[in-house]
Structures are given as C-alpha cells and as structure tokens.
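Subject: Structure for you to look at

Hi,

Here is the structure I promised to pass on. Have a look at it first, and then read my notes below.

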Amino acid sequence: MLRDVVHNVSDGLLGFATKTGDGRSVKIGVSPVVSDAPIVITGDMDAAKIKSRLGLSPLADAAMDSVQGGAGRTYCFPVAATTAGNIGEVKKTGDGGGTLTTDGSPTNAFSIIVKITAQGGLNTAAFTISIDGGKTFAEETTVPLNGSHEIAGTGVKVKFAEATEESQKPSSFLVNDTYTFETTAPSMTVGDISAAIDKLKTFNEEYEFCHIVGSTGLAVWQMVSTTQVELAKTYHKPMFFLLEAAYPDAAAVRGSGIGESKPGDLTDWALQMEADRKKIKNTDIQVCAAWGRLVKLDGTTQIVNLAGLCSGMYAKAKVHESIGKTRTEAGFGVPRTQLLDLLPEGVDNSIIELLDLAGYLTFREYDGLDDFYVYHTKMMCPDGSDYRYAEDVRVKNKIIRETRKEGLLILNDDIDLEDVQGELETRAKFMFTPLQRMIDEKEISSAVITVPEGQAATIIEDETMRVKIRYLSRGYIREVEVDLGRSRPNNE
C-alpha cells in the first residue's frame with residue numbers, strides 16, 4: 001500500500017455516559033400471551049397497543065399503570081398462571097324467557113354485561129357486550145344459532161338458551177334484557193413466580209427493578225428475598241423487587257367491613273401486616289400496601305394496588321430522587337381526577353403511619369395540597385440499615401452496576417510487582433469514572449475510592465485487587481419544623 005495521510009478516529013474522548021438502565025424495569029405477571037422472550041412496552045404506547053401485546057390481562061393492566069405513571073421502557077414476562085380465575089353468578093334483569101350461562105377460564109377480572117338489543121330467539125335476537133361494567137360496548141351481534149358466543153380475548157364463553165315453552169321461544173330475548181356477571185383474574189403461585197424470576201438470570205438488558213404483578217403474601221416475599229440475594233451475588237444483577245400487598249378481606253376488618261357504606265376498623269389488618277414484615281429483612285424488597293380507585297389509561301375505573309403507578313414514577317425519577325417529592329414541578333403528585341380515592345375505606349393517618357413504620361410503601365394526602373402522594377418509599381430492610389428508602393437502594397445498585405463495568409475492563413491486567421500499590425491505585429482511578437459522573441449529575445454528593453495497603457503480600461497468591469468505595473449520598477427533607485412566635489414592634 002502506498003504511504004499517505006492516514007486518519008484513525010479516537011472515540012469516547014468526551015466521556016459521554018453509556019446505558020445505565022436507570023428507570024427501566026421488568027414486570028412479571030399473568031397473561032394469556034405465550035412468549036419465550038420478554039415483551040417490550042414503551043411509554044408512547046396507548047392502552048389498545050398494550051392490550052394487543054399483552055392480552056386482556058393483569059400484566060397489561062399493570063403495564064398501563066406504569067405508562068400512566070411515567071415509564072419509558074418496560075420488559076414484560078408473561079406467565080401462564082397455575083391458579084385459574086373464576087366466573088361469578090349470572091344476574092338477569094328483564095322479562096324475556098331466555099337464559100344465559102357461562103363457561104371458560106377468564107384471563108382477567110372483568111365486569112361483564114350482555115344486553116339484548118333486538119328481540120327474538122336464536123339466530124334472530126341481537127346483543128352487545130361490555131367487559132368494563134358498561135363504559136364501552138362491542139358492536140351488535142346476532143345471537144348464534146347454537147347459542148354459543150366467545151367473548152374475544154377474555155377466555156369467557158356465554159351460551160344463550162331459548163325459553164322452554166314453545167310459545168315463548170320467538171320472544172325469548174327482549175330488548176334491554178340484561179345479564180351481568182363478574183370474573184376474577186387468574187393468579188400466580190409461588191412456583192410460577194419463582195420460575196419466571198429464574199429467567200432474569202440470563203436476561204442481559206440493563207434495568208433497575210422487577211415488579212411482581214398481583215397480590216402476594218409472606219411466602220412470596222420470603223422466596224423473592226432469597227432469590228434477590230442470589231441474583232445479586234451469583235449473577236451480578238443488583239436490583240430491587242416491588243411487590244403488591246393483598247387487599248384486606250372483610251374477615252381481617254372489624255366493624256362494618258369493606259365494601260359497605262361505613263368504613264371498618266383496619267387496625268387488626270395493619271398489625272398482621274406489621275408482623276409479616278418483621279420476617280423480611282432485605283434492603284432490596286419493597287411491598288406496596290396502598291390501594292386506590294384509579295381511572296386507568298384505557299378510561300376504565302378500577303380498584304388497583306398502586307405499585308404499577310409507582311413503577312412508572314420510579315421510571316421518570318432520577319435514581320437519587322424520591323417519588324414522594326411534593327414539589328409541583330417534580331410531577332409525582334397523582335391528581336384526584338386520576339386517583340379518585342385511597343382504599344379501603346378507613347385507611348386514615350393512624351393506619352398509614354403504622355404501615356409506614358413497619359416498612360411498607362404507602363400513599364397519603366396532605367391538607368393544603370390537591371394531589372395524592374407517595375408517603376415514604378420504605379424498603380423491608382433490617383433495623384439500623386443505611387438503605388431504608390428506595391432512593392438509597394437505587395443509588396447503591398447503580399454504583400454497583402457502573403463500577404463493575406469499569407472493573408471488568410481491568411480483569412487479567414498484568415502489573416509491576418515492584419510497585420503493587422501504585423499499579424493498583426492507577427487502575428482504581430478507572431473505577432472512579434462512573435462515581436464522578438454521578439457526582440456531576442448530583443446523584444451523590446461525593447465519593448472516594450481507595451486501595452488498602454499491604455496487597456503486595458497477597459496479590460501473588462490470590463490475584464485479587466481490593467478497593468474500597470465510600471460515597472456521600474444526597475440528603476432529604478422528610479419533615480419541616482417551624483418555630484413560630486410573635487415579635488415586638490420595631491420602635492420598642
């Protein structure tokens with residue numbers, strides 16, 4: 001080759017940040033969709049698009065809540081649930097002599113209404129169906145000749161039957177005859193969840209946390225706590241898990257009970273929650289005990305655990321930022337047009353405080369502010385832990401992820417054994433790069449990385465470089481105390 005002017009481009013000199021996984025999460029939940037690979041949901045998808053990808057399922061509902069809360073990218077792992085959903089009793093209003101029965105295995109909790117829109121019998125009458133309690137109805141359909149109709153995407157079948165008396169058959173179904181029934185969603189067992197979490201061991205995208213969709217209890221929390229440690233230590237996947245506490249049933253509530261006009265006493269339920277929490281001691285486990293009546297992305301109103309909404313808030317918050325921040329421009333307040341109220345009835349400040357002190361994530365309202373807010377992002381950490389809040393844990397995990405990347409780049413380096421300390425300190429400087437970036441981004445206040453002395457005697461034998469990282473986190477204002485008093489006039 002003839003000699004000439006040759007240009008070799010050096011890239012990466014400006015020090016731009018690489019992908020960190022900030023704000024990205026995994027969701028594991030029930031869905032009829034079968035997929036070996038995770039299904040990606042992005043923040044620009046509408047409700048119809050999310051449902052088309054995840055089916056009419058609890059996983060789709062949670063993904064919608066996350067998008068509504070601010071999520072940009074979520075990796076969804078659909079699970080075929082072991083425990084099937086149930087179909088409730090059919091209730092009829094109207095004078096027609098026909099009947100309607102149900103069959104199938106519902107994919108989600110639905111409030112189904114079948115309304116007759118044209119009079120007649122089989123192959124003559126017409127009907128329309130709503131699966132959201134009457135907010136929307138499907139197009140009018142003729143009652144099939146065999147009476148059977150499958151409600152698309154729900155896993156539910158209905159069967160029309162004409163009146164038994166021959167003279168009534170032509171008018172078996174009259175206009176405005178209505179059949180209503182409820183379904184419950186299928187649910188995952190401990191084994192279902194464990195098997196899904198195992199997939200994370202070989203899932204190598206960058207993400208911060210995993211949301212387990214659906215109500216869970218102590219047995220699941222204990223299993224997830226054990227698995228989280230394994231993922232962090234064995235598979236180098238530092239992440240926290242966001243779980244949903246179950247809605248308290250009437251048996252756990254003294255007084256008038258949930259669902260009635262008067263609120264019951266939730267103290268016994270909260271005390272049991274406190275007892276369960278004491279059996280979990282893990283900084284990277286968070287359980288949301290907040291429920292509310294939410295106007296969802298698809299326009300329906302449902303009673304939901306607010307973990308899905310929280311996962312969206314985490315996605316738009318910086319790692320050091322509390323999603324309980326009340327400053328308006330932070331955008332973490334949930335307006336009352338979206339979150340209609342907190343549930344169950346009877347969740348007052350005393351119950352919220354009990355759950356908060358126990359270590360659960362809760363929501364509250366403040367006199368003087370219009371919206372609902374996350375109270376504290378408590379983690380199920382041991383007593384005395386430095387990592388009591390999600391913002392503490394998110395910063396810790398980011399430091400682990402990012403310094404590990406730099407550490408991987410010096411594996412199998414050879415060093416001068418005449419100057420072990422100097423050689424190791426030179427390499428430690430590379431590991432400080434992400435820490436400096438986090439300081440510049442105001443995610444931490446400061447950091448120091450040091451190489452303990454005396455490694456010259458051990459490096460030949462165990463070939464291990466040891467460094468120590470200490471960082472100063474950001475500070476947080478959790479309470480404001482005002483000293484108020486009257487002053488004397490200036491002329492005295």
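Four bridges link β9 to strand β10 (residues 156-161), and the two run antiparallel; strands here are DSSP runs of E with at least two residues, helices are runs of H or I with at least four, and both are numbered from the N terminus. Two strands count as paired if DSSP finds at least two bridges between them. Within this pair, Glu 150 has Lys 157 in β10 as its bridge partner. Both strands belong to an open, antiparallel sheet of three, ordered β5-β10-β9. β5 (99-104) and β9 (148-151) are its edges, each pairing on one side only. On average, neighbouring strands in this sheet are turned by 25° against each other, direction ignored.

Before going on, a word on the source: this is a predicted model, where local features need pLDDT of at least 70 and side-chain atom pairs count only at pLDDT 80 or more, while totals for chains, interfaces and linings use all residues. Residues are numbered from 1 along each chain as its sequence is written, and side-chain values use heavy atoms, with hydrogens and water left out.

Strand β6 (residues 111-118) has two antiparallel partners to look at. With strand β11 (residues 178-182) it shares five bridges, and Ile 112 sits opposite Phe 181 there. With strand β7 (residues 126-130), β6 also pairs over five bridges, and Val 114 is matched with Ile 129.

Now the helices. The axes of α5 (residues 267-277) and α7 (residues 349-358) come within 9 Å and cross at roughly 5°; axes are lines fitted to C-alpha atoms, for helices over the stretch in contact, and angles run from 0 to 180 degrees between N-to-C directions. The two helices are therefore roughly parallel, the term for angles under 35 degrees. Among the residues that meet (heavy atoms within 4.5 Å) are Trp 269 and Met 273 in α5 and Ile 351 and Leu 355 in α7.

What about the cores? A nonpolar core is a set of buried Ala, Val, Leu, Ile, Met, Phe, Trp, Tyr and Cys residues joined through side-chain atoms within 4.5 Å, with buried meaning under 20% relative accessible area (1.4 Å probe, protein chains only). The largest has 39 residues, and Ile 28, Ile 197, Leu 200, Trp 221 and Phe 241 touch the most other members. Helix α4 (residues 218-233) gives the largest share, six residues. A second, separate core of 26 residues includes Met 313 and Phe 363.

Best wishes

Conventions. Parallel < 35°, antiparallel > 145°, perpendicular 65-115°, else oblique. Buried < 20%, exposed > 50% of the residue type's maximum accessible area, 1.4 Å probe, protein only.
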